[in-house]
Amino acid sequence: MAGHSKWANIQHRKGRQDAVRSKLFSKLAKEITVAAKMGDPDPDKNPRLRLAVKEARSNSMPKDVIERAIKKATGGDAENYDEIRYEGYGPAGIAIIVEAMTDNRNRTASNVRSYFTKHGGNLGETGSVSFMFDRVGEITYKPEAGDADTVMMAAIEAGADDVESDDEGHWIYCADTDLNEVSTALEAALGESETAKLIWKPQNRTEVDLETAQKLMKLIDTLEDDDDVQNVTANFDVPEEVAAQL
């Protein structure tokens, strides 16, 4: 499997999450509401909701905001959102997957298409790039959770498929259908994880130069700033020497 993206570490270090905290909270609340509406409002009985709440907590969303998002679903006044995946190519032919939740498909499709066009990419058909990614569960731990061998053993016993560790943390991967089960088993062994979520994991990554990295950053930032877009994934990585110039 492809290694963990240094790009994710760079984004995290630059504190982009803080810059868009209110927008991030809105996206997390939307996922909580949708998960609660589709299943049981009790996170212990609804794996998707449990993972959504966990992700919200890991991003320091206040407890009352989380509870309000759940109540919105059970109160019957929640909007109806469609979950849609868009696929396309960015600058230098980098494959990009955009996951959205929208109450207006036409608006979202039009916006996403225009973002790709304005930033040197093009939107493709569904399935045009997703074959280059694997749908998996990703569970992350901080370095303090243990050394690489300790985390590896815990992951194997929990039923995970792959582990990647570096000085910034541990990334544990499992089948998408096993995420809740593996996450729960790991919590018993290592304590609570930082995040546990479904992702699109690139089968291979393309390293990009500074100019391409800057163009991709603009496209991804624009996509992520759209209220309907939940997640953006791309199959590129940034070499350390390029990262230092960003």
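**Overall fold, a four-stranded sheet and two one-faced helices**

For a chain of 246 residues, a compact globule would come out with a radius of gyration near 18 Å, and the chain has 18 Å, so the two agree. The model is a predicted one. Along the principal axes, the C-alpha atoms take up a box of roughly 50 × 45 × 30 Å. The chain holds 10 helices and 10 strands, and 45% of its 246 residues count as buried. Contacts reach well along the sequence: taking those with a separation of 6 or more, 75% link residues 24 or more positions apart.

Next comes the sheet. Its 4 strands form an open arrangement in the order β5-β6-β4-β7, and the pairing is antiparallel. The edges belong to β5 (162-166) and β7 (195-202); each has a single partner strand, so one side of each is left without a neighbour in the sheet. On average, and with direction ignored, neighbouring strands here are turned by 30° against each other. At the β5 edge, 5 bridges tie β5 to the antiparallel strand β6 (residues 169-175). One spot to look at in this pair is Asp166, which sits opposite Gly169 in β6. Helix α8 (residues 179-190) packs on the sheet, where it touches β4 (133-141), β6 and β7. The direction of α8 makes about 20° with that of β4.

Two other helices show how burial is spread around a helix. Helix α5 (residues 63-74) has 12 residues and spans 17 Å from its first C-alpha to its last, close to the 16 Å expected at 1.5 Å a residue. Its buried residues are Ile66, Ala69, Ile70 and Ala73. Looking down the axis of α5, these buried residues fall within an arc of 95°, so they line one face of the helix. Arg68, Lys71 and Thr74, on the other side of α5, are exposed. The spacing fits a general rule: an α-helix has 3.6 residues a turn, so residues three or four places apart point the same way.

Helix α9 (residues 210-225) is built from 16 residues, and its reach of 22 Å from first C-alpha to last is close to the 22 Å expected at 1.5 Å a residue. Buried in α9 are Thr212, Ala213, Leu216, Leu219, Ile220 and Leu223. Down the axis of α9, the buried residues fall within an arc of 130°, so they too line one face of their helix. As for what they meet, the buried residues of α9 pack against β2 (95-102), α6 (105-118), β9 (229-234), β10 (236-237) and α10 (240-243).

Finally, a couple of backbone oddities turn up in loops. Most residues other than glycine have a negative phi. Ser60 is not a glycine, yet its phi is positive, at about 65°. This serine, Ser60, lies in the loop between α4 (47-58) and α5, and with 52% relative accessibility Ser60 counts as exposed, the cut-off for that being over 50%. Ala92 likewise has a positive phi of about 65° without being a glycine. Ala92 belongs to the loop that runs between β1 (82-89) and β2. With a relative accessible area of 65%, Ala92 is exposed.

Technical notes: Residues numbered from 1 in each chain as written. Predicted model: local features only at pLDDT ≥ 70, side-chain atom pairs only at ≥ 80, totals over all residues. Heavy atoms only, no water. Pairing = 2+ DSSP bridges. Axes fitted to C-alpha atoms, helices over the stretch in contact; angles between N-to-C directions. Contact = heavy atoms within 4.5 Å. Expected span 1.5 Å × (residues − 1). Buried < 20%, exposed > 50% of the residue type's maximum accessible area, 1.4 Å probe, protein only. Arc of directions from axis to C-beta. Rg over C-alpha atoms; globule rule 2.2 N^0.38 Å.
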